[in-house]
Amino acid sequence: MNLFGFKKAVVPSISERSFFKLAFNINRKKEKPMNKNPVNYPYFKFPFALLNSPRFSHISSDAKLLFAIILDRFALSRTNPDRFTDEEGNVYIILTVEEACRKLRYGKTKVMRCFKELESAGLISRSRKIRCCPYRIYV
């Protein structure tokens, strides 16, 4: 009997050493990751307060994810203030419901519910000047 309690006749052609090499991938070349620098991967920041604060505990995780996308878009709007600043000097973003649906892969009703959750929590405010224009979202 060998280490595993098998009779030698069960695995006659494989020695114990080669069995370990096959079973546990010993002496095989490890695959290198495509890119070792994680900074090059696209990401967006997620506010830690949304997870820990009891003030935001009633907000769904879908709405929190939408807020992270809104913050990412807001950072872009701040870099381009001549296009995304209103008359009072406040920076806003434009994110239509359809665009949010495409980004999150949710239905229209779910995205609209997420927008309402964020508004009721006081994280965003939406306004529109003309009914046919998309909402301006202020953070």
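A salt bridge here is a side-chain nitrogen of Lys or Arg within 4 Å of a carboxyl oxygen of Asp or Glu. Keep that cut-off handy for the exercises below, and remember that this is a predicted model.

**Exercise 1. Warm-up: the layout**

Work out how many helices and strands the chain has, and in what order they run.

*Solution.* Start with the count: there are five helices and two strands. Next, walk along from the N terminus, and the order reads α-α-α-α-α-β-β. Now for two chain-wide values. Of the 139 residues, 25% count as buried. Then take the contacts between residues at least 6 apart in sequence: 45% of these join residues at least 24 apart.

**Exercise 2. Charged pairs**

Test Arg126 and Glu119 against the salt-bridge cut-off, then go through other pairs.

*Solution.* Step one: the closest N and O atoms of Arg126 and Glu119 are 3.3 Å apart. The cut-off is 4 Å, and the pair does form a salt bridge. Glu119 has a relative accessible area of 29%, so it is partly exposed.

Step two: search the whole structure, and you get four salt bridges. One of them joins the side chains of Asp62 and Lys110, at 3.2 Å from N to O. Asp62 sits in helix α3 (residues 61–79) and Lys110 in helix α5 (residues 108–121), so this pair ties together parts that are 48 residues apart in sequence. How accessible are the two partners? Asp62 is at 18% relative accessibility, so it counts as buried. Lys110, at 26%, counts as partly exposed.

Step three: look at Glu87 and Lys129, whose closest N and O atoms are 2.7 Å apart, again a salt bridge. This pair links distant parts of the chain, 42 residues apart: Glu87 is in the loop between α3 and α4 (97–104), and Lys129 is in the loop between β1 (125–127) and β2 (136–138). Buried or exposed? Both Glu87 and Lys129 are exposed.

As background, side chains of opposite charge can pair when their charged atoms come close.

**Exercise 3. How α3 meets α5**

Describe the geometry of the α3 and α5 pair and the make-up of their contact.

*Solution.* First, the axes: those of α3 and α5 come within 9 Å and cross at roughly 80°. Angles from 65 to 115 degrees count as roughly perpendicular, and α3 and α5 are therefore roughly perpendicular to each other.

Second, list who takes part. From α3 come Asp62, Ala63, Leu66, Phe67 and Ile70; from α5 come Lys110, Val111, Cys114, Phe115, Glu117 and Leu118. Third, sort the residues of this contact: eight are nonpolar, none is polar and three are charged. Notice that Asp62 and Lys110 turn up in the list, and they are also salt-bridge partners.

**Exercise 4. Inside the core**

Find the size of the largest nonpolar core and the residues with the most contacts inside it.

*Solution.* The largest nonpolar core has 23 residues, and those with the most contacts inside it are Leu66, Ile70, Leu95, Phe115, Leu118 and Leu123. The elements giving two or more residues to this core are α3, α4 and α5, with α3 giving the most, six residues.

Now zoom in on two of the core residues, leaving aside neighbours up to four places away in sequence. Leu66 touches Leu95, Ala100, Leu104, Val111, Cys114, Phe115 and Leu118. Ile70, found in helix α3, is in contact with Ile93, Leu95, Phe115, Leu118, Ile124, Ile137 and Val139. Why does Ile70 count as buried? Its relative accessibility is 0%, and buried means under 20%. Ile70 and Leu95 are 25 residues apart in sequence, while their C-alpha atoms are 7.8 Å apart in space.

For context, nonpolar side chains tend to be buried together in soluble globular proteins.

**Exercise 5. Two exposed arginines**

Place Arg105 and Arg78 in the fold, and pick out what stands out in the backbone of Arg105.

*Solution.* Arg105 lies in the loop between α4 and α5. At 73% relative accessibility, Arg105 counts as exposed. Its phi is positive, about 60°, although Arg105 is not a glycine. Most residues other than glycine have a negative phi.

Arg78 lies in helix α3 and, at 53% relative accessibility, counts as exposed. To finish, check one distance: Arg78 and Asn90 are 12 residues apart along the chain, with their C-alpha atoms separated by 9.8 Å.

Notes:
Residues numbered from 1 in each chain as written. Predicted model: local features only at pLDDT ≥ 70, side-chain atom pairs only at ≥ 80, totals over all residues. Heavy atoms only, no water. Helix = DSSP H or I, 4+ residues; strand = E, 2+ residues; numbered from the N terminus. Buried < 20%, exposed > 50% of the residue type's maximum accessible area, 1.4 Å probe, protein only. Axes fitted to C-alpha atoms, helices over the stretch in contact; angles between N-to-C directions. Parallel < 35°, antiparallel > 145°, perpendicular 65-115°, else oblique. Contact = heavy atoms within 4.5 Å. Nonpolar A, V, L, I, M, F, W, Y, C, P; charged D, E, K, R; others polar. Core = buried A, V, L, I, M, F, W, Y, C linked by side-chain atoms within 4.5 Å.
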